[in-house]
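Trainee: I am new to this structure and would like a close look at a single part of it. Please take me slowly through the surroundings of the bound molecules.

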Amino acid sequence: MKLKTNVTKLVGKVIVPGDKSISHRSIMLGAMAYGTTVVNNFLLAEDCLETVILFKTLGADIEVDSETATVTINGGGLQSLTQPNEDLYVGNSGTTMRLGLGVLSGVPFMTRFKGDESLSKRPMERVMAPLREMMAITFSEKGGDTPPIIMLGTSRLRGRTHKMTVASAQVKSAILLAGLSATGETVVEELEQTRNHTEQMIQQFGGELTVSDKTIRLIGPQVLTGTTVVVPGDISSAAYFIAAGVLVKDSEITLPNIGLNPTRTGILNVLESMGAQYKIKNKTEGSEPRGTIKVCSSDLKATTIEGNIIPTLIDELPIIALLATQADGKTIIKDAAELKVKETNRIDLTAEELNKMGAKVTPTEDGLIIEGPTPLKAAKVSSHGDHRLGMMLSVAALLVKDGDVELENVDSIRVSYPSFIEDLTNLVESK
Ligand SMILES: O=C(O)C1=C[C@@H](OP(=O)(O)O)[C@@H](O)[C@H](O)C1
Ligand SMILES: C=C(OP(=O)(O)O)C(=O)O
């Protein structure tokens, strides 16, 4: 697809779709709970629909109203799920597979999880190992770390203490979801604090847990009750418009109703340290705060991004790398080796694709070094099937003055944001 280039100004408002992490969890917890759960502003994108399909295949009563982005789940508790007579195919969605394994470790039947080509290369032992300690039988069919994964759950799951060896909200969440049906205390000691939606939402569904610093404790088994979830706009999707607004001269973009959970807002801290101009308005209080983000074009300076901020902006690092190509000086991103095991190796491919456009990005073992500012030029680029690379490159193209930017495999964007290109184009046309 030929991307929009040479854009002089972006003005307007974008209603960013619902948060992906919260949408996934609302289906899982809704299916584990007793009673009705209503999810408003559910993310109608491929990844979250994989979670809907997964739980429908397991017999859950789920209705999706695409017109209103509302999902209704009539939950009958975990034990009402039934053994499917087919494989559980979850497409490109790591969250669906990892959290799904956690949920199904607590039911006494066998399932076989499969994913697409990208997911079939992603590490699953990080989730299987703790679930095995809790007494589930689970292994990779190929004998290694990657899908297909066999899960033989049990109604005799045992609570255990887990010291995390990787900063991953998906691993933490899989353990906590398993802990809900385990007997005794499940403890997770995090390496770094990661997004805490699972902890917040378990409590919203009437469950109990305690959080002290980076340690989460939960005593099982627990009974959850259906509730209403109002999903905020996804800050990870908003990040592309934030970057576009900052980078394209004379721009002003308003993004209402964005989730501002502090375990997700690392990008805002980075914007501040790069000198970007943004404002937050109408911020609500509570466990999942939300507010309006307003950004306008800004001159940027380089920064260093490392340590415990990394999990709070992990999915935003490709778009932050683009911001850094336009910043004055050398930006250093480190402690982000996890980027190598996302939908693609986002360290190597962020560098490779931006460099095709004339950027100076050097991949390292655990991050990127970006020298800026560099003008970006016409090129043929690819998302490599990774939605976040596709969206980042679409924003990069806006800055190209002469010639075309052709993006290969634009369809991958549907994984998290089906109307992204349309929403970006509307901002260009509203000038
Ligand atoms: O828990 C979640 O919803 C997610 C956690 C992160 O993955 P890791 O847990 O692998 O870091 C993130 O990259 C992913 O997009 C969603
Ligand atoms: C890594 C991501 O998702 P998942 O792990 O669910 O595939 C992402 O959305 O960037």
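Mentor: Let us begin with how to read the model, then go to the ligands and the residues around them.

This is a predicted model, in which local features need pLDDT of at least 70 and side-chain atom pairs count only at pLDDT 80 or more, while totals for chains, interfaces and linings use all residues. Residues are numbered from 1 along each chain as its sequence is written, and chains are lettered from A and ligands numbered from 1 in the order in which they are written.

The protein chain is divided into domain 1 (11-17 + 232-429) and domain 2 (20-230), with bounds that come from an automatic or database domain assignment. Their C-alpha centres lie 28 Å apart. Across the boundary, 20 residues of domain 1 are in contact with 17 residues of domain 2; contact here means that two C-beta atoms, placed from the backbone, lie within 7 Å. The side of domain 1 that touches domain 2 has six nonpolar, eight polar and six charged residues. In this classing, Ala, Val, Leu, Ile, Met, Phe, Trp, Tyr, Cys and Pro are nonpolar, Asp, Glu, Lys and Arg are charged, and the others, Gly among them, are polar.

Now to ligand 2. Its shell consists of Asp47, Ser93, Gly94, Thr95, Asp315, Lys342, Glu343, Arg388 and Ser416, where a shell residue has its C-beta atom, placed from the backbone, within 6 Å of the molecule. By class, that makes no nonpolar, four polar and five charged residues. Ligand 2 lies between the domains because domain 1 and domain 2 both give residues to its shell.

Ligand 1 has its own shell: Ser21, Thr95, Ser168, Ala169, Gln170, Ser173, Arg195, Ile314, Asp315 and Glu338. Each of the two domains supplies at least three of these residues. Helix 5 (residues 169-179) gives the largest share, three residues. Helices (H or I, at least four residues) and strands (E, at least two) are DSSP runs, numbered from the N terminus. The shell around ligand 1 holds two nonpolar, five polar and three charged residues.

Asp315 and Thr95 appear in both lists. Aspartate 315 sits in the loop between strand 17 and helix 9. It counts as buried because it has 23 C-beta neighbours inside 10 Å; buried means 20 or more other C-beta atoms within 10 Å of a residue's own, exposed means 12 or fewer, and partly exposed is in between, with C-beta atoms placed from the backbone. Leaving aside neighbours within four places in sequence, aspartate 315 is in contact with Ser236 and Arg388. Glutamate 316 is in the loop between strand 17 (304-305) and helix 9 (317-325), and is buried with 26 other C-beta atoms within 10 Å. Apart from residues up to four places away in sequence, glutamate 316 touches Ser236, Ala239 and Ile267.

Another member of the ligand 2 shell, Lys342, belongs to the loop between strand 18 (329-333) and helix 10. Lysine 342 is buried, with 20 other C-beta atoms within 10 Å.

Asp47 leads us from ligand 2 to helix 2, whose buried residues are Asp47, Cys48, Leu49, Glu50, Thr51, Val52, Leu54 and Phe55. Their cover includes helix 1 (20-32), strand 3 (61-65), strand 5 (88-89) and helix 3 (94-104).

The records add another view. An unreviewed UniProt entry lists Lys20, Ser21, Arg25, Ser168, Gln170, Asp315 and Lys342 for one "binding site", and Lys20, Gly94, Arg122, Gln170, Arg346 and Arg388 for another. UniProt positions use the numbering here, feature names are shortened, and annotations may be inferred rather than shown by experiment.

From the second list, arginine 122 lies in the loop between strand 6 (110-114) and helix 4 (125-133). Arginine 122 is partly exposed, with 18 C-beta neighbours inside 10 Å, and, leaving aside neighbours within four places in sequence, it is in contact with Gly94, Thr146 and Val341. Arginine 346 belongs to helix 10 (residues 346-356) and is buried, with 26 other C-beta atoms within 10 Å. Not counting residues up to four places away in sequence, arginine 346 touches Leu317, Pro318 and Leu339.
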